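Welcome! Let us walk through this structure together, one step at a time.

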Amino acid sequence: MPVVLKPAVRVSPVIKTARWSALLLGVLYGSMHFKSLQKKENAFREEEARLAPIRQKQAEELKKIANREELLYLAKETGTKVPPGF
């Protein structure tokens, strides 16, 4: 049983123009919005790159402190004498 379709309706030139205009405006808006977001993201990445070594150094210091405290705790629990200056 074949489906019979009506012939295509001719779309008004005003509607076609409005559709194409909306499409082009949407593309332009998207491009401008992307550029503004990209500027913010680039600034954020530069700031993160600047602060990364500082944060890494702080994390290493905290890790050293935690490691020392853990070793002192283990020495206390096992009865191991801690060398002076440790």
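## A walk along one helix

The chain contains one helix and zero strands. Its radius of gyration is 34 Å, well over the 12 Å that the globule rule gives for 86 residues, so the chain is more spread out than a compact globule. Please keep in mind that this is a predicted model. Computed along its principal axes by computation, the C-alpha trace covers about 95 × 45 × 10 Å.

How much of the chain is buried? Buried residues account for 1% of the 86 residues. The chain exposes about 8,700 Å², and 65% of that area is supplied by carbon and sulfur atoms.

The helix is called α1, and it takes in residues 13–78. Where along α1 is there a kink? Look at L51: a kink of about 40° lies there, shortly before the proline P53. At the other landmark, G79 follows α1, and its phi is positive, near 75°.

Now let us turn to the charged side chains. How many salt bridges does the chain have? The count comes to three, and we can visit them in turn.

Begin with R45 and E41, whose side chains meet in a salt bridge with a distance of 3.0 Å from N to O. These two residues sit four residues apart in helix α1, which means that about one helical turn separates R45 from E41. Their surroundings can be described too: R45 is exposed, because its relative accessible area of 56% is over 50%. E41, with 35% relative accessibility, counts as partly exposed.

The next pair is E47 and R50. Their closest N and O atoms are 2.6 Å apart, and the two residues form a salt bridge. E47 and R50 are three residues apart in helix α1, so they too are separated by about one helical turn. E47 has a relative accessible area of 35% and is partly exposed.

The remaining pair is E48 and R55, with side chains that meet in a salt bridge at 2.9 Å, N to O. Is each partner buried, partly exposed or exposed? E48 counts as partly exposed at 27% relative accessibility, and R55 is partly exposed as well, with a relative accessible area of 42%.

Let us move further along the helix. A66 lies in α1 and is partly exposed, with a relative accessible area of 41%. To get a feeling for distance, compare A66 with P2: they are 64 residues apart in sequence, and their C-alpha atoms are 78 Å apart in space. N67 is found in helix α1 too, and N67 is partly exposed, with a relative accessible area of 41%. From N67 to K81 there are 14 residues in sequence and 17 Å in space, C-alpha to C-alpha.

Next comes a spot where nonpolar side chains gather. Which residues make the nonpolar surface patch? L71, Y73, L74, V82 and F86 make it, and the patch has an area of about 450 Å². One of these residues, L74, lies in helix α1. L74 counts as partly exposed because its relative accessibility, 42%, falls between the 20% and 50% limits.

Our last stop is A75, which is also in helix α1. Is A75 buried or exposed? A75 is buried, because its relative accessible area of 11% is under 20%. Leaving aside neighbours within four places in sequence, A75 is in contact with T80 and V82. V82 has come up before, as one of the residues in the nonpolar surface patch. Finally, look from A75 back to V3: the two are 72 residues apart along the chain, and 86 Å separates their C-alpha atoms.

Methods: Residues numbered from 1 in each chain as written. Predicted model: local features only at pLDDT ≥ 70, side-chain atom pairs only at ≥ 80, totals over all residues. Heavy atoms only, no water. Buried < 20%, exposed > 50% of the residue type's maximum accessible area, 1.4 Å probe, protein only. Contact = heavy atoms within 4.5 Å. Patch = residues over 30% accessible without salt bridge, like charges linked within 9 Å, V, L, I, M, F, W, Y side chains within 5 Å. Areas by Shrake-Rupley, 256 points an atom, 1.4 Å probe, with all protein chains shown as cover. Salt bridge = Lys/Arg side-chain N within 4 Å of Asp/Glu carboxyl O. Rg over C-alpha atoms; globule rule 2.2 N^0.38 Å. Bend = angle between axes of the 7 residues up to and from the residue.
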